[in-house]
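Welcome! Please take a moment to look over the chain displayed here, and then we can walk through it together.

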Amino acid sequence: MRRNHWWAVALFGTALVGIGAYAADVVSGLAIGATTQTIPVTDVTGQYKGEKICYVCDFDKAPDVLAFFRDTSDATAKQIVALNELYVKNKSRNFKAVAMVIAGESSKKWLEDLNRSTHLEIPLTYFTKGPKDVANRVYNLNPGVANTFLVTVNRKVVANISDIGPEEFGRVADAADQMLAGVK
Amino acid sequence: MKPTLLTVVGAAAALCLLAPASSFAQEKSQQKKGAFIDGEYVEDYVYVPDFMAPEDLKKAIETHSKDIVIVDTAAPAVFEDEHIPGAINFPYDSDIKAPVSLPREKTLVIYCACKDHEDSSDVARQLSLLGYRNVKVLKGGWFKWVDLKYQTESSEKKDGK
């Protein structure tokens, strides 16, 4: 009886350590279970082009991916294209996605050019005040990482994947697929 | 004894991991059935926001009205950066639970920085389910207020005075 009890306690402890390690993996962005908050960004290519808009509010409780990119680069371009493909594949399931470039207004032309050359359907946006925008603090974005992907549903984060290369984008797609599998 | 204890521990760990993903479907089904208003079940309840025009809120601020409380649903950092004068911060939560710190005897004027009042309407809806009767949503929200060039204030500046 006493031995059984200690075995169960050890198992429960292991489960807690596992959950703790999972949370400790978050190097940038909100933790799993956190509520996504309003962040107005400047829309470059979406339906609110030229305006300040909060896509977090606009998507509301729909399953989505909020993608934050530190700056404009070939790697960022590849991941935005991959995110758009993920959106096109799942849009019939009310899936949403948005790309937000932290660098700010300096990224506007790059985003316009990218949209023109690749015909993207997801909105491309930037942080209005750039790296000093308050959204960095609200979303706990690590200035040392290139990107942060938050997979969310019902305004709660269900997966956080950050600082990945284009070849690892499958992790974001897998997390989105898992989330969509749980949405009726 | 052994299998029972293990089952409980395993189920608890599984619940911790699966709760965020399952809550969406659960809430959707609850919304379809109706809602409890002040403990009474109301079939097919649909919340309709009661809007307040920004001009009216401006007048209320200028006349130092003591009948209203302005509620900003932004995250604390956004609120500290800039908000409507006199507003208090009540960050958006998709699942507000009682007890709520907001007063019941005054009219709450809720606003957010959303195009279609998504956050402010949802907070107003949830508060109505918790028995709040005097809840208004600021028409046009933060964006309209700023477009009209009405006064804003920053908590950071206030603290620095």
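The paragraphs below go from the whole chain to one of its helices.

This is a predicted model, in which local features need pLDDT of at least 70, side-chain atom pairs count only at pLDDT 80 or more, and totals for chains, interfaces and linings use all residues. Residues are numbered from 1 along each chain as its sequence is written, chains are lettered from A and ligands numbered from 1 in the order in which they are written, and side-chain values use heavy atoms, with hydrogens and water left out.

Let us begin with confidence. The average pLDDT (the predictor's confidence in each residue, from 0 to 100) is 90 for chain A, and 85% of the residues score at least 70. Over residues 16–23 of chain A the pLDDT is below 50, and this stretch has 3 contacts (heavy atoms within 4.5 Å) beyond near neighbours in sequence. Where pLDDT is low, the predicted coordinates should not be read in detail.

Now for the fold. Chain A holds 6 helices and 7 strands (DSSP runs, H or I of at least four residues for helices and E of at least two for strands, numbered from the N terminus). Their order along the sequence is α-β-β-α-β-α-β-α-β-α-β-β-α. Of the 184 residues in chain A, 51% are buried (under 20% relative accessible area, 1.4 Å probe, protein chains only).

Finally, visit helix α3 of chain A, residues 74–90. Its buried residues include I80(A), L83(A), L86(A) and Y87(A). The buried residues of α3(A) pack against strands β3, β4, β5 and β6 and helices α4 and α6 of chain A.

Terms used. Buried means under 20% relative accessible area, exposed over 50%, partly exposed in between (1.4 Å probe, protein chains only). The expected span of a helix is 1.5 Å times one less than its number of residues.
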